[in-house]
Amino acid sequence: MIVNVIFGSDGGATKGVASRISKKCQGRAVDIKTASPADFENCELLILGSPTYGDGTLQTDWEEHIDKLRGARLKGKKVALFGTGDQESYPGSFVDAMGILYDEVTALEAVVVGFTDTKGYDYLNSTAERDGRFVGLALDQDTQSGLTDKRVTAWLSTIL
Ligand SMILES: Cc1cc2nc3c(=O)[nH]c(=O)nc-3n(C[C@H](O)[C@H](O)[C@H](O)COP(=O)(O)O)c2cc1C
């Protein structure tokens, strides 16, 4: 399966996760800063990832380049999402950016796969939680980095 992983990252944590994910599925990791419309469309599975900043916003490169996503033809396309965040320092907006990406791709009529359990996380509120599940894979490189590899592997096995 041809997999493209498009990410934004300020500090490098999300970039690191994106490259780990892409390695595990022989995919390509592409920074949203340099992504082309073809990167969104020319794959069988599109994975999008962003850290959350501010009080629950998308990473700035995602914000600046959001029109690339909005212009992509994703109707019926299989899309999976991941988000990086810090549940201890930001428990009221944990991985909210993943919820923003979810609303964006849902508006484009993409088929979102890879919802996950909220068990094992400790936070108060997340817009990435819908009907008791995360809309994608929530990762916390600040306080639970030791769980990331296992979480990524388990998640990929459900979406590939
Ligand atoms: C100023 C600031 C605001 C943040 N706000 C949130 C937040 O609202 N929710 C959250 O889950 N994480 C928040 N984080 C944590 C980052 O999302 C987390 O550290 C992430 O791994 C950073 O990814 P990056 O290194 O790819 O930029 C914030 C971090 C900083 C420095």
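In this predicted model, glutamine 26 counts as exposed, since its relative accessibility of 70% lies over the 50% that marks the exposed class. The residue is found in the loop between helix 1 and strand 2, the latter spanning residues 28-31. Its backbone is also worth attention, for the phi angle of glutamine 26 is near 50°, a positive value in a residue other than glycine. Most residues other than glycine have a negative phi. A second residue with this feature is glutamate 109, which has a positive phi of about 65° although it is not a glycine. Glutamate 109 has its place in the loop between helix 5 and strand 6, where strand 6 covers residues 111-113. With a relative accessible area of 45%, glutamate 109 is partly exposed, because this value falls between the limits of 20% and 50% that bound the middle class.

Partial exposure was also computed for threonine 153, whose relative accessibility is 41%. This residue lies in helix 6, which is formed by residues 145-159. The side chain of threonine 153 makes a polar contact with the side chain of lysine 24, at a distance of 3.2 Å. Between the C-alpha atoms of threonine 153 and valine 111, which are 42 residues apart along the chain, the separation is 21 Å.

Two further residues, serine 50 and glycine 99, illustrate the buried class. Serine 50, which is found in strand 3, has a relative accessible area of 0% and is therefore buried, the cut-off for this class being under 20%. The side chain of serine 50 reaches the backbone nitrogen of glutamine 59 at 3.3 Å. Glycine 99, in turn, lies in helix 5, a helix that comprises residues 96-107, and is likewise buried, with a relative accessible area of 1%. Although glycine 99 and glycine 56 are 43 residues apart along the chain, their C-alpha atoms are separated by 9.3 Å.

The remaining results concern the ligand and the residues around it. The space that the ligand takes is the largest pocket. The elements that contribute two or more residues to the shell around the ligand are helix 1, covering residues 13-24, and strand 3, covering residues 45-53. The largest share, 3 residues, comes from strand 3. In total, 19 residues surround the ligand, and the closest are Ser9, Thr14, Tyr53, Ser93 and Asp142. When these surroundings are sorted by class, the shell is found to hold 6 nonpolar, 10 polar and 3 charged residues.

Several distances describe how individual protein atoms approach oxygen atoms of the ligand. A polar side-chain atom of tyrosine 53 lies 2.5 Å from an oxygen atom of the ligand. For threonine 52, the atom concerned is a backbone N or O atom, which lies 2.7 Å from a ligand oxygen. In the case of aspartate 142, an N or O atom in the side chain is 2.7 Å from an oxygen atom of the ligand. Taken alone, the ligand exposes 650 Å², of which the protein buries 81%.

Methods. Residues numbered from 1 in each chain as written. Predicted model: local features only at pLDDT ≥ 70, side-chain atom pairs only at ≥ 80, totals over all residues. Heavy atoms only, no water. Near = heavy atom within 4 Å. Polar contact = N/O pair within 3.5 Å; in protein donor to acceptor, adjacent residues only side chain to side chain. Areas by Shrake-Rupley, 256 points an atom, 1.4 Å probe, with all protein chains shown as cover. 1 Å grid on protein atoms, 1.4 Å probe; cavity = no way out; pocket = protein on both sides within 12 Å on 5 of 7 lines; lining within 4 Å. Sits in = over half its atoms within 2 Å of the grid points. Helix = DSSP H or I, 4+ residues; strand = E, 2+ residues; numbered from the N terminus. Nonpolar A, V, L, I, M, F, W, Y, C, P; charged D, E, K, R; others polar. Buried < 20%, exposed > 50% of the residue type's maximum accessible area, 1.4 Å probe, protein only.
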